[in-house]
Amino acid sequence: MAAPPAKAEEISHPPMDQLQGLEYCIDSNPSWGEAIALGFQHYILALGTAVMIPSFLVPLMGGTDGDKVRVIQTLLFIEGINTLLQTLFGTRLPTVIGGSYAFMVPIISIIQDSSLETIIDPHTRFLNTMRAVQGALIVSSSIQIILGYSQIWAICSRFFSPLGMVPVIALVGFGMFDRGFPLVGRCVEIGIPMLILFVAFSQYLKNFHLKQIPVLERFALIISIIVIWAYAHLLTASGTYRHRPEATEFSCRTDRANLISSAPWIKIPYPLQWGAPTFSAGHSFGMMAAVLVSLIESTGAYKAASRLASATPPPAHVLSRGIGWQGIGILLNGLFGTLTGSTVSVENVGLLGSTRVGSRRVIQISAGFMIFFSMLGKFGALFASIPFPIFAAAYCVLFGFVASVGLSFLQFTNMNSMRNLFIVGVSLFLGLSVPEYFREYSIMAHHAPAHTKAGWFNDYLNTIFSSSPTVALLVAVFLDNTLEYKESARDRGMPWWAKFRAFKGDSRNEEFYTLPFNLNRFFPPS
């Protein structure tokens, strides 16, 4: 006998403008003690990317461990400044502005430039390469500054719908899969325990309270890192990794980074500390592709952050304003010499959801920690010596969290529509498949698929199509705006989306996105 059909109310989950279940939203704050502890946790998480990018690039440039430490300190210093600027005057969302992997392709291309590779003295080669990267970042930052402050990106966002944003936001998280378990696998004896401990504390033991605070859920990351870091140090001190392959020692040992011994006690980064930047049209054009990729990835991350901060989606002009300030951030990257550009730190967005604290103040406190510890070299280097697999284990959870936020936008669309199923499926698949083809081709052929005599053209194509969110946006937005788009506005979620486009379209926008110090008088919402 067939079971009776389920009632509509038993399977219905009404769409919700703001994500529920957060303890603190964007403009509510925990106590000062809790906020400082949460800010320090965000700072520790931001160290992963801040250490990983210079650790890979500086040796390729001929730099020493001392050079590597200075670059890490400078990157952290600028991350702190950019985060403060973004949370005060940009989108005002609780987002950490960190280093970006999108800039790796054009920067490696600069490192391999024949005019720099032929320099015999390693230190001279490092300085000349750094100055060339600085020049390219300074010029290319103008792309985001112009698109942001001219409101051109706000106009472009008119073509975005909830349906079109689903693959973009989802792949901001899923597209980072190669920085998850592949890095955990380099040292499974510390990576897997970290993953298990983090999940256990943040999910299974989240109801454990101390003085009415869910301590294990709120501070799962920092507690897990301390426990596993101590465990890794014990393995190192006991000689477990003695006579093991060099790659294993580098990933597992707590004393292989040479950061603490190379770091000065006090060092304040300053503009043009590496010398006067050098400018090349080819290098700058190639870097512009990375700036565009950073723009698209940050757009997806801002949408995810607004959801995890229990805010409404940022209005078009707020999003564009944030992109303009991010362009200023990339300009600062170039002036100070951080060896990469800026983008929203995806892992820190995921941590908003894991802790259920979307407070703007917490992120601003974490920016203070970045600036403070970047100047106190030895102390900053101590925290920066945490092995990479520990961060990678946390990424497995946090990147997945951000990806699921992207999928949650499907609630505003009609997923019984064949058109919508086609667009979401194809854009998600190509967003993963195309960059994977570029990665595999590069490994097999020792050069990327675009390999012409025009280096800037190669950098442009290889950077654009190596980014999962960028490919997803190109495919999803094109299909969404060309396939039966007039007849399917409701199916695409446009009626829900429309009220958030304008600043005065929803009364909550003023609460979340108004500039501080009464600056809206001078910069009124457009």
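## E217 and its partner

E217 is buried, with a relative accessible area of 4%, where buried means under 20% relative accessible area, exposed means over 50% and partly exposed lies in between (1.4 Å probe, protein chains only). This is a predicted model, in which local features need pLDDT of at least 70 and side-chain atom pairs count only at pLDDT 80 or more, while totals for chains, interfaces and linings use all residues. Residues are numbered from 1 along each chain as its sequence is written, and side-chain values use heavy atoms, with hydrogens and water left out.

The side chain of E217 meets that of R356 in a salt bridge (2.9 Å, N to O), a term for a side-chain nitrogen of Lys or Arg within 4 Å of a carboxyl oxygen of Asp or Glu. This pair links distant parts of the chain, 139 residues apart, with R356 in the loop between α17 and α18 and E217 in helix α11 (residues 215-218); helices are DSSP runs of H or I with at least four residues, numbered from the N terminus.

## A shared network

R356 is partly exposed at 24% relative accessibility, and its side chain also forms a salt bridge with E23 (3.5 Å, N to O). E23 lies in the loop between α1 (8-11) and α2 (32-60), and R356 in the loop between α17 (346-355) and α18 (360-375), so this pair ties together parts that are 333 residues apart in sequence. Through shared partners, salt bridges join E23, E217 and R356 into one network.

## A pair within one helix

K68 and D65 also form a salt bridge (3.8 Å, N to O), and both lie in helix α3 (residues 65-89), three residues apart, about one turn of the helix. K68 counts as buried at 7% relative accessibility, whereas D65 counts as partly exposed at 30%.

Definitions and conventions:
Helix = DSSP H or I, 4+ residues; strand = E, 2+ residues; numbered from the N terminus.
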